[in-house]
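Dear colleague,

I am handing over the structure below, and my notes on what was found in it follow directly after. Please read them with the coordinates open beside you.

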Amino acid sequence: MASDSTMQQRIAEKLTPQLLSMQAYHVPDRKGLIKLDAMENPYNWPPEMVDEWLDCLRQCTVNRYPDAGAAELKQRLRQIDGVADNLDLLLGNGSDELILLLLMAVAKPGATVLAPTPAFVMYKQIADSLGITFIDVPLRSDDFGLDMPAMRLAIEQHQPSVIFLAYPNNPTGNLFSHSDMLEILQCAPGIVVSDEAYAPFADASMLFVQDTYPSLLVMRTVSKLGLAGLRLGYLIGHPAWIQQLDKIRLPYNINTLTQVSAEFALSKQSVFDQQSRQIKRDREQLIEALNTLGRCHAFPSSANFVLFHVDGIPVTEVFESLKDNAILVKNLNTSHPLTRNCLRVTVGTSEQNKLFLDNLRMILEV
Ligand SMILES: *Cc1c(COP(=O)(O)O)cnc(C)c1O
């Protein structure tokens, strides 16, 4: 066996400098905690639905490779989202994989990708891993809207291959103005991704302008809807882009169990619609309750989470105290200057939200 120092030397020699300088994406241990950190749907399925699902799974042939084109699942997704016939779909193992495929496809020397920040962390994480320069343009500090003069300038200067716009944005929760989105589409020299991970909780989408802007790719996922464990995301766009991207997709990236389970679950749309409506109602109550706590300011949200700022006490103390009481939220204090002293909480069940608020009230009162 090679000695430790020989191993370290080999690692340093053979791996890319980008990889060596990266930090792993940290997923906190969730054992025994009420998880309000990762935008998961808190609701289970009705027992009869679980039985019906298990019947579907019984017919799966796991000795065979999956359907490489996932034709039936794609058909279902098309129907649910009302995707026009002249657009194509690319499926990914979560939208995270689609971000990876997109960035692999543009990873030429000198390529840049741009996103307004704070943004979903995987844009930068994956760009870094591929040695693509990530250009961040801070959002406006008052309302987390797009800083259009700064965006225009950065686009003009860097000519980004891809611009990511999360619509609604994570971690801020707001929807960017539709006219700002259109203006970016007009001046972008490459691909623009409208990342619509939170579409089930927002009454807005860029799907319907894809005819006018063929370089617009709409990215969606079933994760936040309530199927995070299946790992399924999809990109909707002009066939000319999708056909190229499909060349670097691994042939069986959507496994049989995911295909069958997602198809089944999406045939029960009313169950998820009802859950989403409940989550949206609870979100508004949560925002109102946070804003009456006095030392908290909750920002408006079109997603299934709420970003809030805490005054007069270091937010990391609040985060740790919540965790000591078995409630896990996301601490954004050091992630970006605009989210200093901010926490992000996922909308849970009514009981979970109440427990969270009761604990927070107690922590803020001492
Ligand atoms: C959660 C999230 C994703 C990732 O979704 P997966 O399909 O679970 O990989 C993508 N974009 C944004 C903005 C998200 O918040």
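The shell around the ligand is made up of three nonpolar, five polar and four charged residues, and please keep in mind throughout that this is a predicted model. The residues in question are Gly94, Ser95, Asp96, Phe120, Asn170, Asp195, Ala197, Tyr198, Thr221, Ser223, Lys224 and Arg231. Two helices, H5 (95–106) and H9 (223–227), each contribute at least two residues to this shell.

Three side chains can be listed with their distances to the ligand. In Tyr198, a side-chain N or O atom is 2.6 Å from an oxygen atom of the ligand, while a polar atom in the side chain of Asn170 lies 2.9 Å from a ligand oxygen. For Ser223, which belongs to the shell, the distance between a side-chain N or O atom and an oxygen atom of the ligand is 2.6 Å. Of the 390 Å² that the ligand exposes when taken alone, the protein buries 94%.

I also looked at the cysteines, and a search of the whole structure finds zero disulfides. Cys56 has no such bond because the closest cysteine sulfur, that of Cys60, is 8.0 Å from its own sulfur, whereas a disulfide would need the two within 2.5 Å. Cys296 is likewise in no disulfide, the nearest cysteine sulfur being that of Cys342, 10 Å away. As for their surroundings, Cys56 is partly exposed, with a relative accessible area of 26%, whereas Cys296 counts as buried at 6% relative accessibility.

With best regards

Definitions and conventions. Residues are numbered from 1 along each chain as its sequence is written. This is a predicted model: local features need pLDDT of at least 70, side-chain atom pairs count only at pLDDT 80 or more; totals for chains, interfaces and linings use all residues. Side-chain values use heavy atoms; hydrogens and water are left out. A residue is near a molecule or strand if one of its heavy atoms lies within 4 Å of it. A polar contact is a pair of N or O atoms within 3.5 Å; within protein, one must be able to donate a hydrogen and the other to accept it, and residues adjacent in sequence count only if both atoms are side-chain atoms. Accessible areas come from the Shrake-Rupley method with a 1.4 Å probe; for residues, only the protein chains shown count as cover. Helices (H or I, at least four residues) and strands (E, at least two) are DSSP runs, numbered from the N terminus. Ala, Val, Leu, Ile, Met, Phe, Trp, Tyr, Cys and Pro count as nonpolar, Asp, Glu, Lys and Arg as charged, and the others, Gly among them, as polar. Buried means under 20% relative accessible area, exposed over 50%, partly exposed in between (1.4 Å probe, protein chains only).
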